[in-house]
Amino acid sequence: MSSNAKKTNPVAQAWLILYNVAMTAGWSVIGIGIVNHFIKHGTNKGLYHQVERQLLFFQTSAILEILHAIVGLVRSNAIFTFLQVFSRVGIVWAVIWPVVEVQDNIGVPMLLIAWTITEIIRYLFYTFILLGITPRFILWLRYTLFIILYPLGVTGETLTIYNSLEPVRESGLYSIRLPNVFNFAVDYHIVLMCTFPIYLIFFPQLYCHMFAQRKKALKGDSSSEKKSN
């Protein structure tokens, strides 16, 4: 990811700044689209279609963060970045986009709101770091809003997956049935069901880890402020 940028050459530094500014702008456009939709229609129905193209583009663009980690532009762990990015890319491309029945489900606006606010703040935070400044307000938002947004996003994701189960089972979406030339079968309905234990196992761990990060980040900011006074 683009959080812990190394001291690098000007070209790489400029690219990372450009990337984070573009992603901040992109998610801001999605956020404006969400607000406008609710103002005009007062319902979540049709919201996904309102922001679909922007969501698909900018969420997929986050794959570049894996490349950043692999080539060493940032200090982030490439495997962790891969898992984090593809969990969302998977929700978008493998659940919401192909399963039309879930697109107006309440889980989609929940995850959209959580993702959008999180990403705007995250990329803005990274941009400031790359520029060598860290406004206290942005730092506080980065390490505080997750307390609400993370559970909101996870709830939206699991609701979306849950509501996709029946349509996927009935349509056989992405499933490979026997017999076939490869003598291999996959039931996508079961694959989706297997995601629930993963959420159950990893959500508490990651949530607690983020609280530990919050304590460290805000404590460090307080220490820096005291030294400057």
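A polar contact is a pair of N or O atoms within 3.5 Å; within protein, one must be able to donate a hydrogen and the other to accept it, and residues adjacent in sequence count only if both atoms are side-chain atoms. Keep that in mind for Exercise 2. The model is predicted, so local features need pLDDT of at least 70 and side-chain atom pairs count only at pLDDT 80 or more, while totals for chains, interfaces and linings use all residues. Residues are numbered from 1 along each chain as its sequence is written, and side-chain values use heavy atoms, with hydrogens and water left out.

**Exercise 1. Getting your bearings**

Task: Find how many helices and strands the protein chain has.

Solution: Start with the rule: helices (H or I, at least four residues) and strands (E, at least two) are DSSP runs, numbered from the N terminus. With that rule, the protein chain has nine helices and zero strands. Next, look at the extent: the C-alpha trace spans about 70 × 45 × 35 Å along its principal axes. Last, of the 229 residues, 40% count as buried (buried means under 20% relative accessible area, exposed over 50%, partly exposed in between, with a 1.4 Å probe and protein chains only).

**Exercise 2. Side chains that reach the backbone**

Task: Work out which backbone oxygen the side chain of Thr-127 reaches.

Solution: First place the residue: Thr-127 sits in helix α5, residues 107-130. Its relative accessible area is 8%, so Thr-127 is buried. Now follow the side chain, which comes to 2.8 Å from the backbone oxygen of Tyr-123. For a second case, go to Ser-61 in helix α2 (residues 47-61). Ser-61 is buried at 17% relative accessibility, and a polar atom of its side chain lies 2.7 Å from the backbone oxygen of Phe-57.

**Exercise 3. Rings in pairs**

Task: Decide whether the pair of Phe-125 and Tyr-126 is stacked, edge-to-face or tilted.

Solution: Recall the cut-offs: rings of Phe, Tyr and Trp (its six-membered ring) pair if their centres lie within 6.5 Å; planes under 30 degrees apart count as stacked, over 60 as edge-to-face and the rest as tilted. The structure holds 15 such aromatic pairs. For Phe-125 and Tyr-126, the centres are 6.1 Å apart and the planes stand at 55 degrees, so this pair is tilted. Both of these residues are buried.

Compare Tyr-207 and Phe-211, whose pair is edge-to-face, with 5.1 Å centre to centre and 80 degrees between the planes. These two are four residues apart in helix α9 (residues 195-228), so about one helical turn separates them. Tyr-207 is buried at 17% relative accessible area, whereas Phe-211 is partly exposed at 35%.

**Exercise 4. A ring cluster and its arginines**

Task: Name the residues that ring pairs link into a cluster.

Solution: The cluster consists of Trp-15, Tyr-19, Tyr-123, Phe-125, Tyr-126 and Tyr-143. Then check for charges, using this rule: a charge sits over a ring if NZ of Lys or CZ of Arg is within 6 Å of the ring centre and within 35 degrees of the ring normal. Arg-122 lies over the face of Tyr-123, 4.3 Å from the ring centre. Arg-142 lies over the face of Tyr-143, at 5.7 Å.

Finish with Trp-15, one of the cluster residues. Trp-15 belongs to helix α1 and is partly exposed, with a relative accessible area of 34%.
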